[in-house]
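Here's a quick walk through a few spots in a structure. Have the viewer open and follow along.

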Amino acid sequence: MFLNNSMSNSGCGCSSRSGNMECQNFGPFLAIDAACLPPLQPTTEGSIIPFSSGITPVVLTSLVTGLIATPSLIGFGTAVPGVTLLGETLDLSGVVTEAFTVPRAGNITGLSASFSTTLAVTLIGSTTVTATIYRAPAGSTVYTATTATVNLAPPFTGVIALGTTAFGSGSFAPVPVTAGDKLVMVYSITTAGVAVAQVLTGTASAGITIQ
């Protein structure tokens, strides 16, 4: 940066047709070198809501059919394992839900999730961990799966060592939410290639964006 205390008559707002050719609008004038300006940072919109299972183990089970048996709810440092899923619906009456209430209308536009095993296990077939946001309208304890969902990769198969991790980032159409809606993060597993019930235990963390 530098200060310039003088300007030409034509550059300081004085008319050259004036009888007095002297300019009275002397500085200081501030000129900024473009090299001194910080680069523009990309702007982001929306709020990030974090989820973590904390010290509570996440226990995920599948049926012999390969479908979900019991998922776990992920909150803000705790988890609730062993809830009952009926199709795409969770009735959480009387259950510690780990849900939070939406304060204003918006859209869920992003979801990222990870899962790390805390018990070594041998799995038959291919087991996929899925993270999904479930929503209940204001005044209800019945939650329904939304399209804010992601399958984590890679799938778990064979001998699974302690600390094996899968990750996923979802791509989906914006999911509208309104003030008063309750949202909960649900982790589950499905199994392909074998008719054997599977169990996977670990820790989970995720985050969603609401714009």
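What follows goes through two loop features and then one strand residue.

First, some ground rules: this is a predicted model, where local features need pLDDT of at least 70, side-chain atom pairs count only at pLDDT 80 or more, and totals for chains, interfaces and linings use all residues. Residues are numbered from 1 along each chain as its sequence is written, and side-chain values use heavy atoms, with hydrogens and water left out.

Start with the backbone at P154, in the loop between strand 13 (142-151) and strand 14 (156-160). Strands here are DSSP runs of E, at least two residues, numbered from the N terminus. The peptide bond leading from A153 into P154 is cis, its omega near 0°.

Now hop over to E98, which sits in the loop between strand 9 (89-91) and strand 10 (100-101). E98 isn't a glycine, yet its phi is positive, at about 65°. E98 is also buried, at a relative accessible area of 15%; buried means under 20% with a 1.4 Å probe, protein chains only.

Back in strand 13, look at T146. T146 counts as buried because its relative accessible area is 11%. So what does T146 touch, leaving aside neighbours within four places in sequence? T132, I133, Y134, R135 and V175 are in contact with T146, contact being heavy atoms within 4.5 Å. With I133 there's a specific atom pair to pick out: the T146 side chain reaches the backbone oxygen of I133 at 2.7 Å. For a longer hop along the chain, try P176: it is 30 residues from T146, with 9.7 Å between the two C-alpha atoms.

Technical notes:
Helix = DSSP H or I, 4+ residues; strand = E, 2+ residues; numbered from the N terminus. Buried < 20%, exposed > 50% of the residue type's maximum accessible area, 1.4 Å probe, protein only. Polar contact = N/O pair within 3.5 Å; in protein donor to acceptor, adjacent residues only side chain to side chain.
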